[in-house]
Amino acid sequence: DRCVFSSLELKDIQFIRSNYYNKLEVARFTSSLGKFVGYTEFGVKQVNYWNSNPSFISGLKAQREAYCLTNVGIDY
């Protein structure tokens, strides 16, 4: 998990969760896109399952405010 930001405002903060297998990124969630994107055949299968669960996706969207906004003052 990581946060990318260009200012202290919530609209400028992006939460990213990357999933790796054998040092290869297979899937990534980006809060600005609001869903997972798969980069390999295995990742695409996982992404289809994860994106079909709205409560899981909404929990990750909330991480932008809970995780990133809380720590942006420390990192900025």
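Q: In this predicted model, which residue of β2 is the bridge partner of Arg2?
A: Strand β1 covers residues 2-5, and four bridges join β1 to β2. The two strands run antiparallel. Within this pairing, the bridge partner of Arg2 in β2 is Ile16.

Q: What pattern does the protein chain follow when read along the sequence?
A: The secondary structure comes to two helices and four strands. The strands precede the helices in the pattern given for the protein chain. Read along the sequence, that pattern is β-β-β-β-α-α.

Q: Over how many bridges do β2 and β3 pair?
A: The residue pairs across these strands include Arg17 opposite Phe29 and Tyr21 opposite Leu24. The sense of the pairing is antiparallel. The number of bridges between β2 and β3 is six.

Q: Which residue of β4 is the bridge partner of Ala27?
A: β3 also pairs with strand β4, residues 35-38, through four bridges. These two strands run antiparallel. In β4, the residue bridged to Ala27 is Gly38.

Q: Which residue in the hairpin of β3 and β4 takes a positive phi near 80°?
A: This hairpin has four residues between the strands. The hairpin of β2 and β3, by contrast, has two residues between its strands. In the hairpin of β3 and β4, the residue with the positive phi near 80° is Gly34.

Q: What is the phi of Asn22, and where is Asn22 found?
A: Most residues other than glycine have a negative phi. Asn22 departs from that tendency, with a positive phi near 55°. Asn22 is found in the loop between β2 and β3.

Q: Is Asn22 buried or exposed?
A: The cut-off for exposed is over 50% relative accessible area. Asn22 has 64% relative accessibility, so it counts as exposed.

Q: What is the relative accessibility of Lys23?
A: Lys23 is found in the loop between β2 and β3. Lys23 has a positive phi of about 65° although it is not a glycine. Lys23 counts as exposed because its relative accessibility is 83%.

Q: How many of the seven residues of β3 are buried?
A: β3 is paired with β2 over six bridges and with β4 over four. β3 is largely enclosed by the rest of the structure, because the number of its seven residues that are buried is five.

Q: Which element gives the most residues to the largest nonpolar core?
A: The core has 12 residues, among them Ile13, Phe15, Val26, Phe36, Trp50, Leu60 and Cys68. Two or more residues come from each of β2 (13-21), β3 (24-30), α1 (41-51) and α2 (54-75). With four residues, the element that gives the most is α2.

Q: Is Cys68 buried or exposed?
A: Cys68 has its place in helix α2 and belongs to the largest nonpolar core. The cut-off for buried is under 20% relative accessible area. The relative accessibility of Cys68 is 2%, so this residue counts as buried.

Q: Which residues does Cys68 touch, not counting residues up to four places away in sequence?
A: Two of the residues in contact with Cys68, Ile13 and Phe15, are also members of the largest nonpolar core. With sequence neighbours up to four places away left out, Cys68 touches Cys3, Ile13, Gln14, Phe15 and Gln63.

Q: What distance separates the C-alpha atoms of Cys68 and Gly34?
A: Gly34 lies in the hairpin of β3 and β4, while Cys68 is in helix α2. The two residues are 34 residues apart along the chain. Their C-alpha atoms are separated by 15 Å.

Q: What share of the contacts with a separation of 6 or more comes from residues 24 or more positions apart?
A: The C-alpha trace spans about 40 × 30 × 15 Å along its principal axes. Of the 76 residues of the protein chain, 26% count as buried. Among contacts with a separation of 6 or more, the share from residues 24 or more positions apart is 33%.

Q: How far apart are the centres of the positive and negative side chains?
A: The protein chain exposes about 5,100 Å², and carbon and sulfur atoms supply 52% of it. The charged side chains are 9 positive and 7 negative. The centres of these two sets are separated by 7 Å.

Methods: Residues numbered from 1 in each chain as written. Predicted model: local features only at pLDDT ≥ 70, side-chain atom pairs only at ≥ 80, totals over all residues. Heavy atoms only, no water. Core = buried A, V, L, I, M, F, W, Y, C linked by side-chain atoms within 4.5 Å. Buried < 20%, exposed > 50% of the residue type's maximum accessible area, 1.4 Å probe, protein only. Contact = heavy atoms within 4.5 Å. Pairing = 2+ DSSP bridges. Areas by Shrake-Rupley, 256 points an atom, 1.4 Å probe, with all protein chains shown as cover. Lys, Arg positive; Asp, Glu negative; His and termini not counted. Charge placed at Lys NZ, Arg CZ, Asp CG, Glu CD.
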